[in-house]
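Reader: I am in my first year and new to reading structures. Please take the charged side chains as a single topic, look closely at how they are placed, and then show me the strands around them.

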Amino acid sequence: MSNDLTITNVRPMAGGLATISIVAGRIVAIGTGSNAPESETIDGGGAIALPGLVEAHTHLDKTLWGMGWHKHQAGPRLIDKIDNERAQKKSLGIDPARQSARQIVLSLSKGTTHIRSHVDVDTEVGLSGIEGVIATRERYRDAIDVEIVAFPQSGMLVRPGTAELMDRALAMGAEAVGGLDPCAIDRDPKGHVDRVFALAQKYGRPVDIHLHEPGEMGAFSMELIIERTVALGMQGQVTISHAFCLGSPDRDLVDPLIDALATANIAIMTTGPASRPAPPVRRLVERGIVVCSGSDGIRDTWGPYGSADMLERAMFIGLRNNLRHDAEVEMALDVCTHGGARVMGLKDYGLAPGCAADLVLADGESLTEAVVSHTPRRLVVKRGRVVARDGRVLVGAP
Ligand SMILES: [Zn+2]
């Protein structure tokens, strides 16, 4: 299949009308003329052209999408959700390969071209989640790029054998090392972060740690992560997901953490949660910290929410952070595009000549209108190939 394409009559980043010329899966020109007159031409109808949306934090292996409505009855604590999920995986028959394919098709319909997915590794499911998502990644390799984080969802040191499985997951092809609440879940903060960073060092991989711990406890764990990042020279390779402790109103607690994160070049992932203290996105961005976002779990045993729409996610970030000016909403959109691309280390990402032709056409007069209205995407292109049109995905769903 040809990866040459010309898209006329579009407005890159809501600017003036232009033609985007794509040859061999790359953008070769953005201007008034076409450099590839022989290629297929699509009229963009005046839509806004954006670089492909980046879902930088989700859980492909355990969505319930397409499995009928799930009645949520898990207890209120994090550990209740973790234990409930481990049991439900068996009783509901959640197949990681099938479910990850379903979520990927959903994401494609919304214009997502890159996904970082945490995938559970524990002593009950073993490596079946990793195997399933790797199989799905291969199946959709021409439509989307998927990065896998080996994720000890049930804890690592509290469940002997998990660390060894994490090691094997990385050997099998997981690209990053995950972690989880070093104090609250693993109850051995030093041991947990030491093991996470040891795996990262062994395989030369980045780290992305879920940190739900609030206030002083979260700050303590965050300091341990920062210390190791600096000591091991891993600046720019570490992400802290959720980081609810940064949402504490205590500036004496939060401000030194933000300074230390900036110095260590550690990225923050936030979903813009409505129900939790949340990292202050504008302050982080203004401090030079890379911020990315994601849907987190979509329609899984943790909760009934999630649409996989990263334009809608940008709106949630705006709502959570009281972003009202157009420039502020554009910052939220940047978090859901370039922020995720930086965290995932995408070298040829962007809407510019030379970049991979991963892009999405969205309706709106301005970028802010595109975010707040997030109407169905008109066109989604991956490396010059049309993968979705008018919200319908053109590659097979399971
Ligand atoms: Zn998560």
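Author: Arginine 283 counts as partly exposed, because its relative accessibility is 28%. The model is predicted, and the values below should be read with that in mind. Aspartate 255 also counts as partly exposed, at 28% relative accessibility. Arginine 283 and aspartate 255 form a salt bridge, in which the closest N and O atoms are 2.6 Å apart. This pair links distant parts of the chain: arginine 283 sits in helix H8 (residues 281–286) and aspartate 255 in helix H7, with their positions 28 residues apart in the numbering. Side chains of opposite charge can pair when their charged atoms come close.

Helix H7 covers residues 251–263, and aspartate 252 has its place there. Aspartate 252 is exposed, because its relative accessible area is 70%, and the cut-off for that word is over 50%. On the surface, Asp252 gathers with Glu216, Glu223 and Asp250 in a patch of negative charge.

A second salt bridge can be set beside the one above. Lysine 382 and aspartate 358 form a salt bridge with the closest N and O atoms 3.1 Å apart. Here too the pair links distant parts of the chain: lysine 382 lies in strand S15 (residues 379–382), while aspartate 358 lies in the loop between helix H10 (326–343) and S14, 24 residues apart. Lysine 382 is buried, with a relative accessible area of 0%. Aspartate 358 is buried as well, with a value of 5%. Both words follow from the cut-off, because buried means under 20% relative accessible area.

A third pair joins arginine 141 to glutamate 138, with 3.0 Å between the closest N and O atoms of the salt bridge. Arginine 141 is partly exposed at 47% relative accessible area, and glutamate 138 is partly exposed at 44%. Salt bridges also link Asp83, Arg86, Lys90, Glu124 and Arg159 in a network. Over the whole structure, a search finds 26 salt bridges.

Now the strands, beginning with the loop that holds aspartate 358, which leads from helix H10 to S14. Strand S14 (residues 359–362) pairs with S5 in the antiparallel sense, over four bridges. In this pairing leucine 50 stands opposite valine 360 of S14. Strand S5 covers residues 48–51; Ile48 and Leu50 point one way from it, Ala49 and Pro51 point the other way, and all are buried. S5 also runs parallel to strand S1 (residues 5–12), to which two bridges join it. One partnership between S1 and S5 is that of proline 12 with alanine 49 in S5.

There is also an open sheet of eight strands, with parallel pairing, in the order S6-S7-S8-S9-S10-S11-S12-S13. Strands S6 (53–58) and S13 (291–292) stand at its edges, and each has a single partner strand, so one side of each is left without a neighbour in the sheet. Within the sheet, S10 (residues 207–210) pairs with S11 (residues 238–241) in the parallel sense over four bridges. A charged residue takes part here too: aspartate 208 has threonine 239 in S11 as its bridge partner.

How values were computed: Residues are numbered from 1 along each chain as its sequence is written. This is a predicted model: local features need pLDDT of at least 70, side-chain atom pairs count only at pLDDT 80 or more; totals for chains, interfaces and linings use all residues. Side-chain values use heavy atoms; hydrogens and water are left out. Patches are made of residues with over 30% relative accessible area and no salt bridge: like charges are joined within 9 Å, nonpolar side chains (Val, Leu, Ile, Met, Phe, Trp, Tyr) within 5 Å. Accessible areas come from the Shrake-Rupley method with a 1.4 Å probe; for residues, only the protein chains shown count as cover. A salt bridge is a side-chain nitrogen of Lys or Arg within 4 Å of a carboxyl oxygen of Asp or Glu. Lys and Arg count as positive and Asp and Glu as negative; His and the chain ends are not counted. The place of a charge is taken as NZ of Lys, CZ of Arg, CG of Asp or CD of Glu. Buried means under 20% relative accessible area, exposed over 50%, partly exposed in between (1.4 Å probe, protein chains only). Two strands pair if DSSP finds at least two bridges between them.
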